[in-house]
Amino acid sequence: MKHKNWIAILDFGSQYTHLIARRVRECGVYSEIVPYTITAKRIAARKPTGIILSGGPSSVTSRKSPLCDRNIFTLGIPVLGICYGAQLIAKSFGGKVAASKKREYGSATLKIRSRGSLFKNLKIIEKVWMSHGDKIIKVPKGFAVLASTNSSRVAAMENKRLKVFGVQFHPEVVHTPNGKKIVYNFVRRISACPRSWDMRSFVKNAIDDIRRLVGKEKVLCALSGGVDSSVLATLLSKAIGKRLIAMFIDNGLLRKNERRAVEKRYKQHYRINLKTVGAEALFLNALRKIKDPERKRKVIGKTFIDIFAKESKGLGRIKFLAQGTLYPDVIESRSAFGGPSATIKTHHNVGGLPKKMKFKLMEPFKELFKDEVRLVGKELGLPDKIIYRQPFPGPGLAVRIIGNITTERLKILRESDAILIEEIKRADVYKSVWQSFCVLLPVKTVGVMGDERTYEHTIVIRAVTSADGMTADWARLPYKFLKNVSNRIVNEVKGVNRVVYDVSSKPPATIEWE
């Protein structure tokens with residue numbers, strides 16, 4: 001999808017880069033993360049309205065530090081550098097950056113000298129979030145200091161003529177209370193980017209693009225029953241009608257009664273052409289004795305594609321395969337579009353796909369965050385029970401069973417998970433919790449039940465709060481609730497004698513265990 005007004009975000013490996021993209025979109029402007037190695041010529045060809053340089057773990061004082069194309073600053077496009085990005089600007093224009101005697105991390109008090117342009121509508125004193133070991137000790141010629149902290153004399157700077165700005169702090173994080181205003185000032189005022197990004201316009205443009213791309217061809221949609229694939233199937237149905245064939249593959253790694261619920265929902269209520277394929281034995285055989293999570297994802301991705309190819313033979317000529325891939329999936333699987341950040345895990349529908357396929361891949365949501373897909377669902381008229389369904393991983397329970405996957409272990413996890421979700425809904429916290437599920441550990445522990453010794457499985461309860469799944473905090477569920485769920489699982493699920501609660505946030509952990 002082409003965007004006339006948009007902000008390019010050059011990724012230097014910051015864990016907060018995705019948050020910059022979200023903050024820009026909250027201003028009603030499309031943003032896209034691109035590799036820091038992108039050339040000025042390529043940037044100019046795509047015509048962004050503004051450019052943001054992200055933070056990163058490197059030091060500009062190092063010979064091996066990542067550098068952007070210096071000509072980007074000569075394009076006449078406003079530029080904002082954040083943390084490392086600000087230091088890179090200082091270095092590029094002849095300023096000086098050096099290691100701080102004391103690393104500045106956490107909350108800091110920003111003293112603003114000039115409240116024009118970048119700091120318009122802010123107070124003279126603002127709280128900001130710092131995370132850096134180097135600092136700018138001399139501003140380049142043509143730049144003025146806009147703000148300072150006790151530890152950083154140059155906490156913000158500006159070249160008014162070139163419209164190039166740098167801030168040492170992170171306006172994109174929630175710990176900078178008025179950071180959204182700073183992003184807004186750069187995007188809407190300095191870059192003069194009009195409000196043009198919302199889900200109503202996305203739906204209209206997506207339908208036009210799908211019709212233009214597909215023509216008279218058929219599209220096969222991978223339907224899992226989750227939010228992303230459900231919204232995708234509805235969008236495709238609206239765009240191409242009966243030329244959409246939704247295929248639901250029961251891989252044996254689903255939640256309790258999932259297949260029955262999906263078939264009932266889509267055949268009876270949505271009139272979508274649905275084909276169901278039972279493939280439990282095929283997947284379990286392919287996953288036999290595989291413990292490594294990356295191998296699990298790749299095997300599942302390949303098996304899905306093999307089944308799609310085989311089952312589609314009797315459906316006539318099908319050129320396209322549609323998937324509900326989201327922006328976070330792409331970011332985590334492809335190392336932030338070539339940036340220096342690490343690949344966190346391969347998503348089965350992104351990095352897990354084989355290089356050669358008979359289908360042409362169609363991913364209309366690969367620019368969207370989860371909350372944006374939910375808004376698309378609302379635009380398409382889907383009910384809340386689908387739109388606000390908690391995320392479920394494409395590889396299913398395979399990445400919630402640590403170690404070998406067997407029929408017995410699947411049954412234990414499936415029953416435990418069903419109890420947790422039932423209680424989460426009963427407690428009326430299903431919507432407020434981003435994701436809640438059980439994990440089965442490859443560990444047995446000693447217990448005592450009915451005055452007899454037991455040696456049985458351990459279940460982990462995982463529940464987190466989040467805005468987009470890129471960062472998350474563990475949910476503070478009441479002790480009484482956890483006690484009730486634990487008692488039910490131990491008493492109702494044969495083979496479990498211990499339940500524990502995961503209190504890890506992301507980062508450093510991920511939401512899923514694998």
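The legends below describe close-up views of a predicted model.

**View 1. The nine-stranded sheet and the helix that packs on it.** Nine strands make up an open sheet with mixed pairing, and their order across the sheet is E2-E1-E3-E4-E9-E8-E7-E5-E6. Strand E2 (30-35) and strand E6 (125-138) are the edge strands, each of them pairing on one side only. On average, and with direction ignored, neighbouring strands of this sheet are turned by 20° against each other. Helix H3 (residues 84-92) packs on the sheet, where it touches E3, strand E4 (79-82), strand E5 (96-112), E6, strand E8 (156-159) and strand E9 (164-167), and the direction of H3 makes about 120° with that of E4.

**View 2. Strand E1 between its two partners.** Strand E1 (residues 6-11) pairs with strand E3 (residues 50-53) in the parallel sense over four bridges, and E1 and E2, which also run parallel, are joined by six bridges. Within these pairings, Ile9 stands opposite Ile52 in E3, whereas Leu10 stands opposite Val34 in E2. Although E2 is an edge strand of the sheet, E2 is mostly covered, with five of its six residues buried.

**View 3. The largest nonpolar core, with Leu10 as one of its contact-rich residues.** The largest nonpolar core has 71 residues, and those with the most contacts inside it are Leu10, Leu53, Ile89, Leu236, Phe365 and Val376. Helix H6 (residues 227-240) supplies the largest share of this core, namely eight residues. A second, separate core has 50 residues, including Ile249, Leu420, Ala463 and Ile489. In soluble globular proteins, nonpolar side chains tend to be buried together. When residues up to four places away in sequence are not counted, Leu10 touches Val34, Pro35, Tyr36, Ile38, Ile43, Ile51, Ile52, Leu53, Ser54, Cys68 and Ile72.

**View 4. Helix H1 and the glycine that follows.** Helix H1 (residues 17-26) is mostly covered, since nine of its ten residues are buried. The buried residues of H1 are Thr17, His18, Leu19, Ile20, Ala21, Arg22, Arg23, Val24 and Arg25. Gly28 follows H1 and has a positive phi, near 85°.

**View 5. Helix H15 and its packing partners.** At 1.5 Å a residue, the 14 residues of helix H15 (residues 479-492) should span 20 Å, and this agrees with the end C-alpha atoms of H15, which are 20 Å apart. Phe481, Leu482, Val485, Ser486, Arg488, Ile489 and Val490 are the buried residues of H15. These buried residues pack against helix H14 (407-426), strand E15 (435-449), strand E16 (452-465) and strand E18 (496-501). One of them, Ile489, belongs to the second core.

**View 6. Aromatic rings, with the pair Phe119 and Phe169.** The model has 13 aromatic pairs. The ring centres of Phe119 and Phe169 are 6.5 Å apart and the ring planes lie at 25°, so this pair is stacked, planes under 30 degrees apart being counted as such. Phe119 lies in the loop between E5 and E6, and Phe169 in the loop between E9 and helix H4 (179-190), so the pair ties together parts that are 50 residues apart in sequence. Both Phe119 and Phe169 are buried. Elsewhere, Tyr30, Trp197, Phe202 and Phe365 form one aromatic cluster, and Phe365 is also among the residues with the most contacts inside the largest core.

**View 7. Two loop residues with positive phi.** Most residues other than glycine have a negative phi, and most peptide bonds are trans. Ala192, in the loop between H4 and helix H5 (199-214), has a positive phi near 55°, and with a relative accessible area of 54% Ala192 is exposed. Asn257, in the loop between strand E11 (244-250) and helix H7 (258-269), has a positive phi of about 65°, and with a relative accessible area of 43% Asn257 is partly exposed.

**View 8. Cis peptide bonds after strand E18.** Pro507 and Pro508 are placed in the segment after E18. The peptide bond from Lys506 to Pro507 is cis, with omega near -10°, and the peptide bond from Pro507 to Pro508 is cis as well, with omega near 15°.

**View 9. Met470 in a loop.** Met470 is found in the loop between E16 and strand E17 (473-474), and at 10% relative accessibility this residue counts as buried. Met470 and Ser201 are 269 residues apart in sequence, and their C-alpha atoms are 25 Å apart in space.

Terms used
Residues numbered from 1 in each chain as written. Predicted model: local features only at pLDDT ≥ 70, side-chain atom pairs only at ≥ 80, totals over all residues. Heavy atoms only, no water. Core = buried A, V, L, I, M, F, W, Y, C linked by side-chain atoms within 4.5 Å. Buried < 20%, exposed > 50% of the residue type's maximum accessible area, 1.4 Å probe, protein only. Contact = heavy atoms within 4.5 Å. Pairing = 2+ DSSP bridges. Axes fitted to C-alpha atoms, helices over the stretch in contact; angles between N-to-C directions. Expected span 1.5 Å × (residues − 1). Phe/Tyr/Trp six-rings, centres within 6.5 Å; stacked < 30°, edge-to-face > 60°.
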